[in-house]
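Please work through the exercises below with the sequence and the coordinates open beside you. Each task is followed by a solution that goes step by step.

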Amino acid sequence: MVHYFHSDIAQKYGINAAVLAAFIWECIEGKSIRQPQLHEGKVWFRCSVQMLTGFFPYLSYDEIRYALKRLIKGRVLIKGHFNESRFDRTNWYAFTEFGQYLMTESEGDYNE
């Protein structure tokens, strides 16, 4: 699997956060096998930190958790809970308007 990241996001939030943002963006845009879901007018991606370690074997559980926290604190992502079972604690992630701007602004760098 090839992973990439946006350098401007990496400068602000770190390389790990930039790699995760690019992966979640691809999933939400429907370019991957993961199915995004619509809730509250936003497209959400459901995935646990443990699942993400399978996609990123070179990142530890704590590195992924910290990178997601940086993206949420930086208002790139928001976190939600839309699970059918109240015992299911899997998080859902969506891009904020600012996050969408960062991702679409950075996409131009790859399409030239």
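The exercises that follow concern a predicted model, and they go from a charged pair to the nonpolar core, the aromatic rings and a helix pair.

**Exercise 1. Find the salt bridge and describe the setting of its two residues.**

Step 1. A salt bridge needs a side-chain nitrogen of Lys or Arg within 4 Å of a carboxyl oxygen of Asp or Glu, and by this rule the count comes to 1 salt bridge.

Step 2. The partners are D62 and R65, whose closest N and O atoms are 3.0 Å apart, which satisfies the cut-off of 4 Å.

Step 3. Both residues belong to helix 4 (residues 61-73), and because they are 3 residues apart there, about one helical turn separates them.

Step 4. With buried meaning under 20% relative accessible area and exposed meaning over 50%, D62 at 46% is partly exposed, and R65 at 34% is likewise partly exposed.

**Exercise 2. Determine which residues touch the most other members of the largest nonpolar core, and which elements contribute to this core.**

Step 1. The largest nonpolar core has 30 residues, and L52, F56 and L68 are the ones that touch the most other members.

Step 2. Two or more residues come from each of helix 1 (7-13), helix 2 (15-28), helix 3 (49-55), helix 4, strand 4 (92-95) and helix 5 (97-107).

Step 3. Among these elements, helix 2 gives the most, with 10 residues.

Step 4. For L52, once its neighbours within four places in sequence are set aside, the contacts are L20, F23, C47, I64 and L68.

Step 5. As background, nonpolar side chains in soluble globular proteins tend to be buried together.

**Exercise 3. Classify the ring pairs F23 with F55 and W25 with F95 by their geometry.**

Step 1. The whole structure holds 5 aromatic pairs. In one of them, the ring centres of F23 and F55 are 4.8 Å apart with their planes at 45°; stacked needs under 30 degrees and edge-to-face over 60, so this pair is tilted.

Step 2. F23 lies in helix 2 and F55 in helix 3, so that the pair links distant parts of the chain, 32 residues apart, and both of these residues are buried.

Step 3. The pair W25 and F95 is edge-to-face, with 5.1 Å from centre to centre and 85° between the planes.

Step 4. Because W25 lies in helix 2 and F95 in strand 4, this pair ties together parts that are 70 residues apart in sequence. W25 is buried at 6% relative accessibility, and F95 is buried at 3%.

Step 5. Ring pairs also join F23, F45, F55, F56 and Y58 into a cluster.

**Exercise 4. Describe how helix 2 and helix 4 are arranged, and then place A17 in that contact.**

Step 1. Two packed helices are described by the angle between their axes and the distance between the axes.

Step 2. The axes of helix 2 and helix 4 come within 9 Å and cross at roughly 75°; since 65 to 115 degrees counts as roughly perpendicular, the two helices are roughly perpendicular to each other.

Step 3. Helix 2 makes the contact through N16, A17, L20, A21 and I24, while helix 4 makes it through E63, I64, A67, L68 and L71.

Step 4. A17, which is placed in helix 2, is buried with a relative accessible area of 1%. Leaving aside neighbours within four places in sequence, A17 is in contact with A67 and L71.

Step 5. A17 and L71 are 54 residues apart in sequence, yet their C-alpha atoms are 6.5 Å apart in space.

Terms used: Residues are numbered from 1 along each chain as its sequence is written. This is a predicted model: local features need pLDDT of at least 70, side-chain atom pairs count only at pLDDT 80 or more; totals for chains, interfaces and linings use all residues. Side-chain values use heavy atoms; hydrogens and water are left out. Helices (H or I, at least four residues) and strands (E, at least two) are DSSP runs, numbered from the N terminus. Buried means under 20% relative accessible area, exposed over 50%, partly exposed in between (1.4 Å probe, protein chains only). A nonpolar core is a set of buried Ala, Val, Leu, Ile, Met, Phe, Trp, Tyr and Cys residues joined through side-chain atoms within 4.5 Å. Contact means heavy atoms within 4.5 Å. Rings of Phe, Tyr and Trp (its six-membered ring) pair if their centres lie within 6.5 Å; planes under 30 degrees apart count as stacked, over 60 as edge-to-face and the rest as tilted. Axes are lines fitted to C-alpha atoms, for helices over the stretch in contact, and angles run from 0 to 180 degrees between N-to-C directions. Angles under 35 degrees count as roughly parallel, over 145 as roughly antiparallel, 65 to 115 as roughly perpendicular and the rest as oblique.
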